[in-house]
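Take a look at the model below. This report follows one helix and then turns to pairs of charged side chains.

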Amino acid sequence: MMMMCVRLLCVGDVAVVVGTAGLQRVFNRSCGYLMNGNRQHASVNTLIKWQRLLLTAPEQPLRYSCWKCGSNSLSPLICSSCNTVMKVASEPVSYFQLLDIPQGFDINGDGLETKFYDTMKLLHPDKFGMEPKDVQDAAAETAAILNNAFSTMRSPLKRAEYLLELNGVGLTDESRMEFPSVIMQIMEMNEKVDGCNDEEKLESFDEDIEEKRDAILVQLSTAFKKKDFPQAKEHTIMYKYLGRVQEQIRNKLDNF
């Protein structure tokens with residue numbers, strides 16, 4: 001008997017099975033209620049949950065169920081059968097797939113921008129001005145998600161948080177409590193900034209923080225490549241709070 005590895009994930013009240021190209025179709029049928037015109041479109045938070053399914057790669061290229069004609073499309077953006085814009089929120093597609101870039105922390109900034117603007121051309125309102133309202137709504141919704149994808153991918157912090165989320169490692173305001181050494185370092189830096197009213201020293205401190213953040217980006221890259229998500233989480237938190245310290249420094253510098 002052929003054995004098949006699958007994953008089970010609950011999205012809302014729906015249990016989703018995914019793992020192979022054939023099971024992708026089971027996913028599409030299971031989530032069909034979200035593609036019904038009588039239902040509201042899936043939220044971005046729901047989309048994030050669905051994107052985690054992509055961590056189990058199918059044996060065949062992913063296909064996406066078209067809400068308009070019901071066929072399986074190779075593109076998550078434009079149906080390869082009826083040429084209608086897809087409802088991205090109703091499919092398990094990640095921001096990386098949406099922008100057609102490799103999934104990982106390291107990205108080519110110029111390539112990302114080119115991919116974004118080329119993709120947005122496909123969703124320009126002028127292309128759908130004569131289409132029915134449901135098609136126009138789908139195009140507007142997909143364009144909004146694409147904008148959010150671009151905003152997330154171009155920010156190192158948002159990109160790190162997103163990758164952690166895709167891998168089931170969520171970040172909250174309480175997450176920093178898991179790393180006492182990070183808390184202590186940030187507290188000491190905040191006290192140093194609060195007690196400093198010398199412009200030259202603040203500028204020097206700002207440069208030090210910038211160097212620390214640059215070094216953390218290298219560490220983040222290594223951690224994600226190794227799939228060391230606890231380490232990536234710690235680096236992400238440190239990068240985030242160093243950014244807040246730097247913002248505090250620059251606010252004080254603005255007053256000189």
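Which residues of α8 are buried? They are Leu-202, Phe-205, Asp-206, Ile-209, Arg-213, Ile-216, Leu-220, Ser-221, Ala-223 and Phe-224. Keep in mind that this is a predicted model.

**Helix α8**

Helix α8 covers residues 199–225, which is 27 residues. From its first C-alpha to its last, α8 reaches 40 Å. That is close to the 39 Å expected at 1.5 Å a residue.

What do the buried residues of α8 pack against? Their partners are α6 (156–166), α7 (180–194) and α9 (229–254).

Now look at the two ends. At the start of α8, Asp-198 has a side-chain oxygen within 3.0 Å of the backbone nitrogen of Glu-200. Just after α8 comes Lys-227, with a positive phi of about 60°.

**Salt bridges**

How many salt bridges are there? The count comes to 8. The table gives three of them, with the N to O distance for each.

| Pair | Distance, N to O |
|---|---|
| Lys-121 and Asp-118 | 3.9 Å |
| Glu-178 and Lys-233 | 2.9 Å |
| Arg-250 and Glu-210 | 3.5 Å |

Start with Lys-121 and Asp-118. Both lie in helix α4 (residues 109–122). They are 3 residues apart, about one turn of the helix. An α-helix has 3.6 residues a turn, so residues three or four places apart point the same way. Lys-121 is exposed, at 55% relative accessible area. Asp-118 is partly exposed, at 42%.

Next come Glu-178 and Lys-233, whose closest N and O atoms are 2.9 Å apart. Glu-178 lies in the loop between α6 and α7, while Lys-233 lies in helix α9, so this pair ties together parts that are 55 residues apart in sequence. Is Lys-233 buried or exposed? Lys-233 is buried, with a relative accessible area of 9%. Its partner Glu-178 is partly exposed, at 47%.

The last pair brings us back to α8. Arg-250 and Glu-210 form a salt bridge, with 3.5 Å between their closest N and O atoms. Arg-250 is in helix α9 and Glu-210 is in helix α8, so the pair ties together parts that are 40 residues apart in sequence. Both residues count as partly exposed: Arg-250 at 38% and Glu-210 at 32%.

Which residues do shared salt-bridge partners join into one network? They are Asp-206, Glu-210 and Arg-250. Asp-206 is also one of the buried residues of α8.

Methods: Residues numbered from 1 in each chain as written. Predicted model: local features only at pLDDT ≥ 70, side-chain atom pairs only at ≥ 80, totals over all residues. Heavy atoms only, no water. Helix = DSSP H or I, 4+ residues; strand = E, 2+ residues; numbered from the N terminus. Expected span 1.5 Å × (residues − 1). Buried < 20%, exposed > 50% of the residue type's maximum accessible area, 1.4 Å probe, protein only. Contact = heavy atoms within 4.5 Å. Polar contact = N/O pair within 3.5 Å; in protein donor to acceptor, adjacent residues only side chain to side chain. Salt bridge = Lys/Arg side-chain N within 4 Å of Asp/Glu carboxyl O.
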